[in-house]
Amino acid sequence: MNSGNEPDIFNIGGPVERDQWIDFLEPLTNQPWVEKSFKGTLDMLTIDGEVYGQPYNIEGYGLIYNVDMFQKAGINPENIKTLSSLEAAFAKLEDMKDTLGIEDVLSFSIVDTAWWTAAIHAINIPFAKQENPLEFIENLNNMTATMSGNDRFMAFTNLMDLYFKYSYSDLMTVSYDDQVGDFALGKTAVLHQGNWTIGMLDEIDPDLKVAFLPHPLNDDSSWTNGSIPIGVPNYWCVNKKASEDKKDAAKLFLDYMASSERGAKFLVEECSFIPAFSNIKLEPSDQLAASILEYSAKGDTVPWVWMYTPSGFCDIVVKEAIQNYYLGNSDKKAFLEALDKGWTELSSK
Amino acid sequence: MKKSMKRKLIFWGFLGPSLIAFTIVVLVPFVVGIYYSFTDWNAVPGSTIHFVGLVNYKNVFNDPQLIRAFRNTFIYSFYAVFLINTIGFLLALLVTQKMRSANLLRTVFFMPNLIGGLILGYVWKFLFLKIVPNIFQTDGNMLSKPSTALIAMAIVATWQMGGYIMVIYVAAIQGIPSELLEASKIDGANSWQNIKSIIFPLVAPAFTVSMFLTLRSAFMIYDVNVSLTNGDPIRSTELIAMGILSKAYKELNFAQGQVQAILFFVVVASVSMIQVYYSKKREVEM
Amino acid sequence: MKNYNKKRLILEGIGLILGILYLSPFYIIVSNSLKSKRNILVDTMGLPTTLQFENYTTAIEKMEFYKSFINSAWITFLSLIALVLFSSMAAWILVRTKSKISTLIFMMFVASMLIPFQAVMLPLVDFFGANKLNLLNNRFGIVLMYIGFGSSMSIFLFHGFIKSIPLDLENAAYMDGCNVFQIFYHIILPLIKPISVTVAILNGIWIWNDFLLPSLVLQEKALRTIPLAAQYFFGAYSKDWHLAMAGLTLAIIPVIIFYLLAQKHIIKGVTNGAMK
């Protein structure tokens, strides 16, 4: 949109962009697909009950584990719902490194082409596990809450310590292809990533069996520790300033994608998307999609809250703070304080 | 009267295309940019712009990242200017020797100069990540540590610009009258004495030109920065030019980004003006 | 004499080693561009186990190489024609007109060479954007930008060259009844050929390789130039080093061919530009 020629349909990534482009957003509340959308998938593009965007698809991430290796190590993934059980599993994998033929336990990254694994996806966990995530964000914005001192964020530093301990010896060198490639080649047993990696995993090792583990922050059962974050990466929106004809055509097209069989087939089979509409009953396209649907069915999901963070928070503030924490340039306290400081600066401008 | 009218028409007619393009593309954005730096401009089409005085300037000067960016740009420039000029001069000495492969070597050394910074950065990213650690049998790589990432960038810049600076030195060395070198040889001077007492002083003007060329390009580096490190690690390689884009397009703080852009202009223009001053002074002396 | 030969042998040896060292990055990307995904993850140093030429077909497809090549060529070519023509016209009239305004305009062009692109890019994108000029994502829009940014240096170079052309020829042509356009076209343009080549080469290298400006103003996939297309392999989800290497090789090949064909002109042009 910044670029000048104005399309009839365009995409919006989340609530920050939503507010920025609000003047261009046509309300879509009365569209037939709205009722069929999964619960929660419209929240980010809804203001005062008015819906402004159609979800592309659902995506999710977590700790992807190598099913065969877990079996060989005698670890039951069903039992991993707490931080201590995760730690015990990691320790066991570490002990059995030679038997399993792995070099490290966990494929994680904090830099380069995979910086977002840590600075968007990992940091989302303490946000998403707040009792009321959106209220927490609001409190951060009006400065009645801080991340330092918050129990979820304190616990998050422990999870980071665990990741650092069981991941590569030098995390500052790991790019996306290393991270996913090593897991696919069997050099690691666990991968902190999302369902979009399935294409690459299949390409390197078509026989790889994988599923998601949650990322627990502690052992407290009231903390939704057995859940994985799922969300909508992008929404389709209709340009309010386009002509009525064009707007109607755009709306028809969006409904076609959601409601028709061909639209659904296109989403699931061509794009390998996990659709956001309950009317689509097609088989999930891959193992990771199936794993996500399993978590969704049980209600073991938490939202993607980073969408509500101020522009620049993840890719500038968190990225730098996590790297500093990893390198030992800051301790837990300084790490969380850096997050608070960055938030205040970005949200107050 | 009619004739002078026609003359004016011809004058503006010939000047017109360049002048119009220049005005639209450089002049207007430059002036508007100065105005924007005193407002809350946010680049969203149609939104109103309010005058806010010096607030953006105050915020920018209090931004520790800006100070870091400047400091790192200076450090990088130091490495780059030193490496490029040293390598460029040594290569020039080599290819001006009487040897069969001199012309071929010139072609080879100059070649990387034609490849764009973005592409070069990506080529070297692969080398630094996958090849160099293999050669030296280490786990770490130069791009992952703040202390070495800037040196890595300077190495890429040297590969790119070394041959270019070489060509400038070659022109200067070839301008030295051969009688001078012959004469000193007869006097029994060895190669090093030759270089020290004849080549150095006579190449000095080319040295000034190269210094400023490399300094200016080091200050303005962006493409290699994006493709090689993209600011990593811990924003320690985010140099000034990239900082402007981060401020604007990542933090969506366009007004402060523009303030940084104006500061950037002041620094680059100063460097260039010092260069012009020296060149003029030299011309007068010669 | 024997001593001399030994020295020369050592020099040739040093030259050979340095030459190979300088070229080694090319060897590495080409050899890795022919490996399979697995091969490259396991072994980056060695030669490919099998030659995967299909990496190139895949890379061509993924980066839409032909399309981006044509975009780059179209934008560069049109910008160069316009820059050489318009700048020489402007420079000639500025040299031949002795007036305050003429000097002032020339000084303005020269002074603007101090302005780095980054200093004006944010307002420029805004000014060319929606609700204003509406020239973003437009091939002519970016050509207009290149004319604007390239004109200062080009006019400066033409100005310096035209100053040294004696007036006699032009005066004689006036006597014969030629008009200004005829004089410019038949007399000036042929005379300034050497500097036109320099201007075209300097601007050509810049425009062909430019990344920042197109990244800001050409977001549409169909308009991508080669540097933008090459970036495709290094985005957030980049994972295919073997394809990336093939893509980089593809991006480099046209430049190398051009260089080997026009080497003399290029080196001369670039040095001329630097010395001014």
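The following legends describe close-up views of a predicted model.

**Figure 1. Overall fold of chain A.** Chain A contains 15 helices and eleven strands. Its radius of gyration is 21 Å, close to the 20 Å that the globule rule gives for 349 residues, so chain A is as compact as a globular protein of that length. The C-alpha trace of chain A spans about 65 × 45 × 40 Å along its principal axes. Of the 349 residues in chain A, 48% are buried. Among contacts in chain A between residues at least 6 apart in sequence, 75% link residues at least 24 apart.

**Figure 2. Surroundings of A:Ile280 in the loop between helix H12 (261–270) and helix H13 (287–298) of chain A.** A:Ile280 counts as partly exposed because 18 C-beta neighbours lie inside 10 Å, whereas a buried residue would have 20 or more. When residues up to four places away in sequence are not counted, A:Ile280 touches A:Ala264, A:Val268 and A:Pro275. The C-alpha atoms of A:Ile280 and A:Ser259 are 8.0 Å apart in space, and these two residues are 21 apart in sequence.

**Figure 3. Backbone at A:Met143 in the loop between helix H7 (133–141) and helix H8 (151–166) of chain A.** Most residues other than glycine have a negative phi. A:Met143, although not a glycine, has a positive phi of about 60°. With 12 other C-beta atoms within 10 Å, A:Met143 is exposed.

**Figure 4. Backbone at B:Asn230 in the loop between helix H9 (223–228) and helix H10 (240–250) of chain B.** B:Asn230 is not a glycine, yet its phi is positive, at about 50°. This residue, B:Asn230, is partly exposed, with 18 other C-beta atoms within 10 Å.

**Figure 5. Contact between chain B and chain A.** Here 17 residues of chain B are in contact with 19 residues of chain A. The side of chain B that touches chain A comprises six nonpolar, six polar and five charged residues.

**Figure 6. Contact between chain C and chain B.** This contact takes 67 residues from chain C and 68 residues from chain B. Elements that give two or more residues to the side of chain C that touches chain B include helix H1 (2–32), helix H4 (65–96), helix H7 (139–163) and helix H13 (241–275) of chain C. The largest share of that side of chain C, 14 residues, comes from H13(C). By residue class, the side of chain C that touches chain B divides into 49 nonpolar, 15 polar and three charged residues.

Methods. Residues are numbered from 1 along each chain as its sequence is written. Chains are lettered from A and ligands numbered from 1 in the order in which they are written. This is a predicted model: local features need pLDDT of at least 70, side-chain atom pairs count only at pLDDT 80 or more; totals for chains, interfaces and linings use all residues. Helices (H or I, at least four residues) and strands (E, at least two) are DSSP runs, numbered from the N terminus. The radius of gyration is taken over C-alpha atoms; the globule rule is 2.2 Å times the number of residues to the power 0.38. Two residues are in contact if their C-beta atoms, placed from the backbone, lie within 7 Å. Ala, Val, Leu, Ile, Met, Phe, Trp, Tyr, Cys and Pro count as nonpolar, Asp, Glu, Lys and Arg as charged, and the others, Gly among them, as polar.
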